[in-house]
Amino acid sequence: MKNSIKLLQLFSLLMLVSCIAFAQQPPIQNFRHYDQKGLNVFETGKSDTTLYTGFKVRLGLNSSFTFQDLNHENIIDTNQVAGTGWHLIDNTGKTSKPDGIDDRTLIGVTNGFNLAMANLNLDAQLYDGIHMNLITYLSTRHHSEAWVKGGYIQFDKLTFLKSDMIDNMMEYLTIKFGDYEVNYGDQHYRRSDAGNSMYNPFVENLILDDFTTEIGGELQFHNKAGFLAVVEMTGGEIKGDVAYPVSSVDTSGVKDANTGEVNKRSPSFIAKLGYDKQFNPDLRFRITGSVYTTKSSVSNTLFAGDRSGSHYFMVLENYYSSIGTNAFSGRLSKPYGDQLTAFMINPFVKFHGLELFGTLEFANGRNTNEKDSVTNVLIGHDRRQTTQYAVDVIYRFTQNENFWLGLRYNGVSAELPFTSPAFKSEINTVNVTRFTLSAGWYILDNVMAKVEYVTQMYKDYPTYDQRNEGKFSGIMIEAALGF
């Protein structure tokens, strides 16, 4: 009976989505489209001329379907005579108990279809120059149940205030409030977001995936010469919470390793300066510099805010992993949770069909309670350092640029904390590099397909980690739709 109800609900949803897909979608002002028209759109700016014709509701969907053929390998070093490796490491297993299998053993992977992902997009024109957005993840790797990504309200006009001075100011300003994707860097505008992979010329995001949602407000400034500025203040964490951490009562909980005091929640501040100019129909140039900083967090997620998971399933995961629990395969997820400061520079040039997009990022921070588990003293550096660089070279061709060829090189060098099987904590500088070739086709504005070859290498991980001398490579094929 329960299965019948679920099938009926799914059938009803598909019928609703089919009707919407073939219906005329109402226009929304200052709106980023979910299909090919949203490609290379960053902040929505102030050039929109869509007329306000009353209250409108727009319902949309993004979905992606992925076929994976990746192979992975590592080196399990047991050479204790030479002192390079470790004997059988068997602290956990499928039942969280020793089971006679080395914990560094990788899970077996074969080719096949990954779990399809889908987003439900709800937008509404509330008033002239005012719209809202709400996105719900219907199906993802990390959360198979429906999960609200976030929602916000955006003001590009304040005509209801009946003030000429404010109307003139709003010709240059955009105001946003809500639980939304923080505007740090430009890379988050090109990434795959669960079922929405329409803007990404590749199947996966960067190794260090700069994405999170936080509750706060954003003020944007744009002028006609192309200069832009963004300032934001948010709650500093992905989840809204006004209570002190439990550890403020229970002193055995989350304390700062430097001060010995209970960790506190502090706001995050984000700023961006940039220049974005379409010089003529064939040439566009954009460059931005961004900063994100927070003084203290219980659990900051700037590099771990994705609630959907990686599109590379199970690579370099050990044999007792699962796709939901180990949802971020191939990424360097959550290097910091506290006292984080990050800088990103993003140049973007598009000349005819040739497109270059770069990322240069420097971050430092730490986790709460980064102490040696034996000596109970702070380990390594006060703040660990991470550097990420990436370059995308895309060539789009045919009259409407419906086809593309792409190349990406992405590297990360990061100081990460590790704990050995002997429970000794240490900090190692690890290096991860990825090379990707892609080709794709926008079959329709709202339907696309892409294929890529990827190879990723792991260097300088400790020999007790399953990523020691790790590597994965192979083919990914993805189909996606969005409207």
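A residue counts as buried under 20% relative accessible area, as exposed over 50% and as partly exposed in between, with a 1.4 Å probe and protein chains only. The model is predicted, with local features needing pLDDT of at least 70 and side-chain atom pairs pLDDT 80 or more, while totals for chains, interfaces and linings use all residues. Residues are numbered from 1 along each chain as its sequence is written, and side-chain values use heavy atoms, with hydrogens and water left out.

Select F67 to begin: F67 is partly exposed, with a relative accessible area of 26%. Now add F113, which is exposed at 70%. Their ring centres are 5.3 Å apart and their planes stand at 70°, so the pair is edge-to-face; rings of Phe, Tyr and Trp (its six-membered ring) pair if their centres lie within 6.5 Å, and planes under 30 degrees apart count as stacked, over 60 as edge-to-face and the rest as tilted. This pair joins distant parts of the chain, with F67 in strand β1 and F113 in strand β2 (residues 112-113), 46 residues apart; strands (E, at least two residues) and helices (H or I, at least four) are DSSP runs, numbered from the N terminus.

By the ring rule, the count comes to 21 aromatic pairs. One of them is Y52 with Y127, a tilted pair at 5.9 Å centre to centre and 50° between the planes. Y52 sits in the loop between α1 (2-22) and β1 (56-73), whereas Y127 belongs to strand β3, 75 residues away.

Next, select F42, Y189, F348 and F357, which ring pairs link into a cluster. Adding R190 shows it over the face of F357, at 4.4 Å from the ring centre; a charge sits over a ring if NZ of Lys or CZ of Arg is within 6 Å of the ring centre and within 35 degrees of the ring normal.

Y189 also leads to the largest cavity, where R32, K149, Y152, E181 and Y189 lie nearest the centre among 33 lining residues. On a 1 Å grid over the protein atoms alone, a cavity is a set of points where a 1.4 Å probe fits but cannot get out, and lining residues have an atom within 4 Å of a point. Strand β5 gives the largest share of this lining, five residues. Finally, select K176 with Y152: K176 lies over the face of the Y152 ring, at 4.4 Å from its centre.

Methods. On a 1 Å grid over the protein atoms alone, a cavity is a set of points where a 1.4 Å probe fits but cannot get out, and a pocket is an open set with protein on both sides within 12 Å along at least five of seven lines; lining residues have an atom within 4 Å of a point.
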